[in-house]
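These notebook entries record what I looked up in one structure. I went from unusual backbone sites to helices, strands and cores.

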Amino acid sequence: MNEAEQAMLDALFTLSPVGLHMLDTELRVVRINTATSAMRGVRAEDLLGRRFPEAYDLVDPGEAEALVRGVLESGVPVRERVIRAHPQADPDDERLHAISAFRLADRQGRVLGIAISVVDVTDLERARAGMAVLDAVHRNVGRTLDLVVTCREFVDALVPAFADIAVVEVVDAVVRGEDPPFAPIPQDVPLRRVAFRSSAGEHQPQAHPVGDVRVVPAPTPFTLALADLRPRAVVLRADLPWLVADPARAEEIRASGAHTLLTAPLALRGTVLGLVSLYRTGRAAAFREDEIALARHLTDHATLCIDNARRYTREHAVAATLERHLLPRHPVSHIALETAVTPVTPTGSGGWYDTIALSSARTALVIGDVVGTGINPTAAMGQLRTVIRSLAAFDLEPDELLARLNNTARVLAAERASLPMTDPLHREALAASCVYAVYDPLTRSCTAARAGGYPGPVVARPGGTVDVPDIPAGPPLGGADDTPYAAARFELPEGSVLAFAGIPDAGESPAGVPEAVQQARPDADRPLRELCDDILYRLYAGDQARATMLLLARTRAFPADRVAVWSLEAEPTAAATARRRVRAQLEAWRVDEETAFSTGLIVSELVTNAVRYGGPPLELRLIHDRTLTCEVRDGSLAAPHLRHARTVDEGGRGLFIVSQLAQVWGTRFAADGKIIWTEQVLPTPPG
């Protein structure tokens, strides 16, 4: 070796910032670089001659020795392998070093020892570890709008990468979706433990189980962090005075072997959502200042995700409450129609159903869905359901009713579009699907029309046959499509079952509903509720489309002795004939005298109007159902209207008298004329 080479070697071992260590074949230190920061305060003579694992304060000496000995024996160099060590100047600190080891040999190949270069990468590795934790939190926390799941995702991302134990406690009112309190929160505000994770697994003892609600004792680092919204890093010792205030948590800390605590508030805009408590146990280093700063970033992201989940929970609760008040609690069964319904989707989903009693013992069956979830679809559902009930009172045919309902939906959609662009509702287009069917037990027929992607009903007839009536699909409600709606009429024998399955965007295919209905055995003696459950079980099996709601209706025969029909001649004596026949029939039905007298007047006025202003053929029909229905049919399409006659007028009081005597009255048009009907409430029989 010439003088220049020797000079360079001396400079490397005395001036280079890179740590250099030379070991002999017994792994004893032969020469070291004393210029590195790690050697400050360390004399070279204290290390020379000592074996490598013993000369330095390594966290895992065995690992380091195996690494170096492997290089010595194999000759394969190792580059930038990170090992941990405690500097002698600060034994409580932990430093990370990237070491590269090379075997030394002379020109003849004789092994002389090992050369090791050491670079302090503590700051770089800590920065990488911090970024990895931050990235894990950003990627994995907040993937759902479930507050509890979000907190579980948070502790999963922190343990064991950042802490050995992580606990998340949330203000109990926040878990329910309520607004968080402002800091400092009162000491009597309870917190709910919603997430816990330990690197020791499920056997780690807990002071309070997940789900426990309690008031945090004061004063402790937890209450102080909730008061000033600043994190606290505390070295845990048995003699800390605040442990006495919280003996349960003190016992948890003692049993876990935790030596350091970092507690940070989950705070947003001056409000407190909860608290995160992080512990390190065993040989893990205490929390450093840079880790406390990192914890702020971690909790800031988690807080935003928790607040989003809280807002969703609140909106869902409001939507669920709104839906409970907008939907009927139970479908209404009538004398000739038994119904049952099972909503499957969560509340606030925009789906609805209805059973509406119509005139002449008929029943309207409705099932629909507004696209979206939350308050807005639920409110739109309530609007559409109200419009349907209002339109149903006019005895419109299903296709005409959907056409008018679509007009209203378009108005609602236009109102949304006219809102400011900053309004969230402006970006939610109104789109809905609906099936509207009317069952007439006297003719044993059903007329149905549909709008949007909901499939038509499936019919299970007595004898086991199942079919899907061909009901043309109309455009969705609220859209720009002007295609007219069309209705279809089909017969329903006694004991038939109608199955309305809410499957959005199913189109023409009921997506497995016919098979599920047939396999569920819709026998006449099987309870409808049990049949409803069985169909849903089958729909949810395998890969079949899942229904959001299932509405079943079983037809029954209307008692023949509760209907009376008479044909009348269009002559002046028709009213008297009608009164006589009605009086006899009401006596046979044992209708009270007052109702019978009022019915006689109603029949007299309706028949007189039909003779005077209508046209043949004339027909009178009485229906003894939940109410007493009186119908007069004639061949004219001229619609009557209510008049308020003047004192000097000799006529014009007929419909006014009818409206005063009947609970409700109306006009229903048919292809061969019109029907004027009235309904009267029957008194409840004694007992």
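**Entry: backbone sites**

I began with Arg444, which lies in the loop between β15 and β16 (445–451). The model is a predicted one, and in it the phi of Arg444 is near 50°, a positive value in a residue other than glycine. I noted this because most residues other than glycine have a negative phi. Arg444 has a relative accessibility of 39% and therefore counts as partly exposed.

I then turned to Arg521, in the loop between α12 (513–519) and α13 (528–539). Its phi is also positive for a residue other than glycine, near 55°. Arg521 has a relative accessible area of 46%, which makes it partly exposed.

Next I looked up cis peptide bonds. One joins Ala218 and Pro219, with omega about -5°. Pro219 sits in the loop between β8 (213–214) and α7 (221–228). A cis bond also joins Pro616 and Pro617, where omega is about 0°. I located Pro617 in the loop between α15 (593–613) and β24.

**Entry: the chain as a whole**

I recorded 16 helices and 27 strands for the chain. Of its 687 residues, 48% are buried. Considering contacts between residues at least 6 apart in sequence, I found that 63% join residues at least 24 apart.

**Entry: helix α4**

Does the length of helix α4 agree with the expected span, or disagree? The helix has 19 residues (122–140), which at 1.5 Å a residue should span 27 Å, and its end C-alpha atoms are 27 Å apart, so the two agree.

I listed its buried residues as Thr122, Arg126, Gly130, Val133, Leu134, Ala136 and Val137. Viewed down the axis of α4, they fall within an arc of 155° and so line one face of the helix. Among the elements that cover them are β4 (95–105), β5 (111–120), α5 (147–158) and α9. After α4 comes Gly142, with a positive phi near 90°.

**Entry: nonpolar cores**

I looked next at the largest nonpolar core, which has 60 residues; Phe162 and Val168 touch the most other members. Helix α9 (residues 289–326) gives the most to this core, namely eight residues. For Phe162 I set aside neighbours within four places in sequence and found contacts with Val133, Leu262, Leu278, Arg280, Phe287, Glu291, Leu294, Ala295 and Leu298. Val133 had already appeared in my notes as a buried residue of α4. Another core, of 30 residues, lies apart from the largest one, and its members include Leu384, Val387, Ala432 and Tyr436.

**Entry: strand β14 and its partners**

Why is strand β14 (residues 363–370) described as largely enclosed by the rest of the structure? Eight of its eight residues are buried, hence the description. I separated the two directions: Thr363, Leu365, Ile367 and Asp369 point one way, and Ala364, Val366, Gly368 and Val370 the other way.

Strand β13 (residues 351–357) pairs with β14 in the antiparallel sense over seven bridges, and Asp354 has Val366 as its bridge partner in β14. The two strands form a hairpin with five residues between them, in which Ser360 takes a positive phi near 65°. Eight bridges join β14 to the antiparallel strand β15 (residues 432–440), where Ser433 stands opposite Asp369.

**Entry: the five-stranded sheet**

I traced an open sheet of five strands in the order β23-β24-β25-β27-β26, with antiparallel pairing. The edges are β23 (563–568) and β26 (664–670); each has a single partner strand, so one side of each is left without a neighbour in the sheet. On average, neighbouring strands are turned by 15° against each other, direction ignored.

Between β23 and β24 (residues 618–624), which run antiparallel, I noted six bridges; Ala564 stands opposite Leu622 in β24. Helix α14 (residues 574–588) lies across β23, β24 and β25 (627–634) and runs at about 165° to β23.

I closed with Ile623, a residue of β24. Ile623 is buried, with a relative accessible area of 0%. Not counting residues up to four places away in sequence, I found that Ile623 touches Ser360, Ala361, Leu442, Phe558, Arg562, Trp589, Leu628, Thr629 and Glu631. Ile623 and Leu442 are 181 residues apart in sequence and 9.7 Å apart in space, C-alpha to C-alpha.

Terms used. Residues numbered from 1 in each chain as written. Predicted model: local features only at pLDDT ≥ 70, side-chain atom pairs only at ≥ 80, totals over all residues. Heavy atoms only, no water. Pairing = 2+ DSSP bridges. Helix = DSSP H or I, 4+ residues; strand = E, 2+ residues; numbered from the N terminus. Axes fitted to C-alpha atoms, helices over the stretch in contact; angles between N-to-C directions. Contact = heavy atoms within 4.5 Å. Core = buried A, V, L, I, M, F, W, Y, C linked by side-chain atoms within 4.5 Å. Buried < 20%, exposed > 50% of the residue type's maximum accessible area, 1.4 Å probe, protein only. Expected span 1.5 Å × (residues − 1). Arc of directions from axis to C-beta.
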